[in-house]
Amino acid sequence: MPAHQPPAFPPNAGLCRACRHAHLIESARGSVFLLCQAAKEFSLPKYPHLPVVACIAFQPQTPPPDTVE
Ligand code: SF4
């Protein structure tokens, strides 16, 4: 039995894809949601509308995670 793969960022994640505040949540049905962990501090949507193209709370993550194409 193959090991469960961690959820990957959707291709339309935009800026969130490279942000250290982005956290992926996978539902029991396999849907992936992007949770912004800076939402409360910066009064941003908890689940941002993708793609995010500009964000005051963006902080780069190194290296950027893989993306599902
Ligand atoms: S801080 Fe901005 S760029 Fe980072 S995860 Fe939240 S909404 Fe996306």
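Which of the 13 residues around the ligand come nearest? They are Cys16, Cys19, Cys36, Cys55 and Ala57. The legends below describe close-up views of a predicted model.

**View 1. Residues around the ligand in the predicted model.** The ligand has 13 residues around it, and Cys16, Cys19, Cys36, Cys55 and Ala57 come nearest. By residue class, the shell around the ligand holds twelve nonpolar residues and one polar residue. No charged residue belongs to this shell.

**View 2. Secondary structure of the protein chain.** Two strands and one helix are present in the protein chain. Read from the N terminus, the order of these elements is β-β-α. Helix H1 covers residues 39–42, and Leu50 lies in the segment after helix H1.

**View 3. Surroundings of Leu50.** Leaving aside residues up to four places away in sequence, Leu50 touches Pro10, Asn12, Ala13, Gly14, Cys16 and Leu34. Cys16, one of these contacts of Leu50, is also among the residues that come nearest to the ligand. Leu50 and Pro10 are 40 residues apart along the chain, yet their C-alpha atoms are separated by 9.2 Å. Leu50 has 16 other C-beta atoms within 10 Å, so Leu50 is partly exposed; a buried residue would need 20 or more, and an exposed one would have 12 or fewer.

**View 4. Burial and contacts over the protein chain.** The protein chain has 69 residues, of which 14% are buried. Among contacts in the protein chain with a separation of 6 or more, 53% are between residues 24 or more positions apart. The contact between Leu50 and Pro10 spans 40 residues along the chain.

How values were computed:
Residues are numbered from 1 along each chain as its sequence is written. This is a predicted model: local features need pLDDT of at least 70, side-chain atom pairs count only at pLDDT 80 or more; totals for chains, interfaces and linings use all residues. Helices (H or I, at least four residues) and strands (E, at least two) are DSSP runs, numbered from the N terminus. Two residues are in contact if their C-beta atoms, placed from the backbone, lie within 7 Å. A residue is near a molecule or strand if its C-beta atom, placed from the backbone, lies within 6 Å of it. Ala, Val, Leu, Ile, Met, Phe, Trp, Tyr, Cys and Pro count as nonpolar, Asp, Glu, Lys and Arg as charged, and the others, Gly among them, as polar.
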